[in-house]
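Me: I would love a close look at one strand in the middle of this model, please. Could you walk me through what surrounds that part and how it fits with the rest?

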Amino acid sequence: MTDDESPPLVDLCDVGVFFRMHARGKLSFRQIVKQRRFWRPPPLLWALRGVTLELRAGQSLAIVGHNGAGKSTLCLVLAQILCPDEGTAAVRGQVATLFGLGRGFNPELSGRDNIRLYAAFLAIPRSDLAARMAEIIAFSELEDFIDEPVSTYSTGMRARLAFSVATALQPEILVLDEVLAVGDRAFQRKSESRIRALISKSQLIAIVSHQIDFLRETCTHALWLDHGRVRAFGGAGEILDAYDAEAGPPALSAT
Amino acid sequence: MTSSLANLFARRDLVRELTRSEIRSDSADSSVGVLWWLVDPLLMMAIYSLLVVGILGKGTSVGAPYPLFVLCALTPWKQLTVAVGRCTRLLRAKESLIKSVPFPTIALPLSVVGSSFAYFLAAFAVLTVAAMSWPGLSHEGRLLPLMQLPFLMAFQLAAVTGLALATACFGVLVRDLSNVMTYFLRAAFYLTPALYPAERMHAELVARAGEVTGERLFWLYMANPFASLLTGYRDALLFGRFLEARFWLALALSSLVLLAFGWAVYQHYDRRVIKFL
């Protein structure tokens with residue numbers, strides 16, 4: 001395999017990210033008078049610490065853990081939205097995220113203008129966009145409304161438009177925070193198959209999800225986070241089994 | 001993705017698209033659209049002219065019709081207040097976008113500066129035509145001093161960009177900044193030779209603080225890039241002369257320092273700011 005010789009697409013080394021806890025840094029008036037100081041440094045909360053991870057082309061990573069374990073923070077680091085406070089994070093390749101769809105929309109502009117704007121946010125080159133414009137509009141099924149302002153769209157229509165743009169280009173690295181299916185039933189089926197197509201063509205995928213079965217069939221590797229630290233990392237089957245065993249059955253399991 | 005110059009260049013499409021969408025949504029926002037940028041300085045001009053000339057009986061010694069004199073200041077000042085005012089809330093308003101899409105966030109304040117500058121240009125073009133066709137002005141139709149305008153505008157753009165970048169960051173870190181900014185800009189407006197000529201301040205300072213101290217205070221006063229900028233616009237448009245070399249120097253230094261400051265602040269807080277959103 002040449003995979004082991006090529007540089008890894010994602011190389012995290014001892015990564016740590018902290019947040020300051022604002023509320024606890026504030027002093028009451030009485031404390032200010034008594035202690036004669038106006039400010040104390042707020043305590044740090046390490047959302048991630050000591051995470052070392054190497055991912056190569058062809059791998060797909062499932063990220064699991066309880067709420068607040070640092071899964072979303074790790075996604076932000078992988079997408080290079082957050083820079084680590086300690087350690088280093090190298091990500092080589094075009095990253096696409098499929099969370100917060102449509103947040104870049106300007107509701108006063110038409111659907112067509114928003115496709116252009118959102119595509120610019122997602123770094124879709126203009127030449128590619130011109131070629132794909134018709135396909136994006138067709139996939140969103142919004143042909144009749146595409147020149148109307150987005151403020152007149154329903155939530156479902158906005159989601160369809162955003163999804164169509166966001167999935168128009170094949171990224172090298174795909175980061176999914178909770179796999180999504182948008183729109184009505186018919187569109188959900190369409191979007192699911194498109195996500196699967198994206199996943200199968202991406203060089204590297206990182207998925208946060210609580211749907212263990214989906215992760216089992218999609219991912220080669222799994223990372224189990226616990227209070228911001230790596231609890232276990234390895235082959236998907238083994239890690240997910242262990243996580244499943246500890247987390248217990250899903251709350252709404254079929255009887 | 002950091003807001004480095006390289007990333008910004010790589011994503012220049014984004015800055016262009018954002019600026020365009022800002023302009024379009026502004027004009028979609030109101031019925032008169034872009035015209036508002038002309039109407040607003042004109043209304044302010046009417047108010048100040050009424051106050052200064054009509055009620056206080058002043059403004060006759062500025063060497064040009066007072067309405068034009070004030071308009072030379074109000075048009076660029078509006079770009080400053082709009083750009084800075086919008087930047088104080090900008091990153092907070094775009095929080096969810098910043099946290100979900102990797103892009104150099106500096107594109108957001110830059111597009112606000114860009115769109116406000118485009119409107120400024122439109123308003124200023126009208127002002128230029130008015131000043132050139134106004135009868136009996138002391139420029140006597142001399143066109144050569146108009147060559148100064150692009151350079152003055154470039155320095156204006158630098159100063160406003162610097163201030164906008166810094167306020168965009170501080171607006172996240174300091175929650176009450178947008179309230180404070182309103183008063184700061186108002187005070188700064190009166191401390192800038194907008195309603196009166198800079199020479200008036202010079203004469204006043206020398207008369208009150210003595211020759212040496214007065215001169216020093218005056219230079220402190222001119223350290224405000226808008227002080228020499230507004231003087232320059234008036235020299236070019238109304239008086240048909242060239243801005244003094246020392247004021248050019250003050251303008252270049254102060255606006256470039258402001259730009260460097262804003263850039264440095266943004267680079268420093270760039271990704272850290274996200275945690276405060």
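Reply: Happily; here is a walk around strand β6 of chain A and its surroundings. The model is predicted, so local features need pLDDT of at least 70 and side-chain atom pairs count only at pLDDT 80 or more, while totals for chains, interfaces and linings use all residues. Residues are numbered from 1 along each chain as its sequence is written, and chains are lettered from A and ligands numbered from 1 in the order in which they are written.

Let us begin with the strand itself. Helices (H or I, at least four residues) and strands (E, at least two) are DSSP runs, numbered from the N terminus, and chain A has nine helices and nine strands. Strand β6(A) covers residues 173-177, and five of its five residues are buried, so the rest of the structure largely encloses it. Buried here means that 20 or more other C-beta atoms, placed from the backbone, lie within 10 Å of the residue's own. Cover is found on both faces of β6(A): Ile173(A), Val175(A) and Asp177(A) are buried on one side, Leu174(A) and Leu176(A) on the other. For the chain as a whole, 39% of the 255 residues of chain A count as buried.

Now for the partners, where pairing asks for at least two DSSP bridges between two strands. β5(A) runs parallel to β6(A) over three bridges, with Thr97(A) opposite Val175(A). Strand β7(A), residues 204-208, also pairs with β6(A) in the parallel sense, over five bridges; there, Leu176(A) has Ile207(A) as its bridge partner.

Following β5(A) outwards leads to chain B. The contact between the chains takes 24 residues from chain A and 21 residues from chain B, a contact being two C-beta atoms, placed from the backbone, within 7 Å. On the side of chain A that touches chain B, β5 (95-97) and α4 (111-121) of chain A each supply at least two residues. The largest share of that side, five residues, comes from α4(A). By type, that side of chain A divides into 14 nonpolar, five polar and five charged residues. Nonpolar covers Ala, Val, Leu, Ile, Met, Phe, Trp, Tyr, Cys and Pro, charged covers Asp, Glu, Lys and Arg, and the others, Gly among them, are polar.

Finally, the wider chain: among contacts in chain A between residues at least 6 apart in sequence, 72% join residues at least 24 apart.

Conventions: A residue is buried if 20 or more other C-beta atoms lie within 10 Å of its own, exposed if 12 or fewer, and partly exposed in between; C-beta atoms are placed from the backbone.
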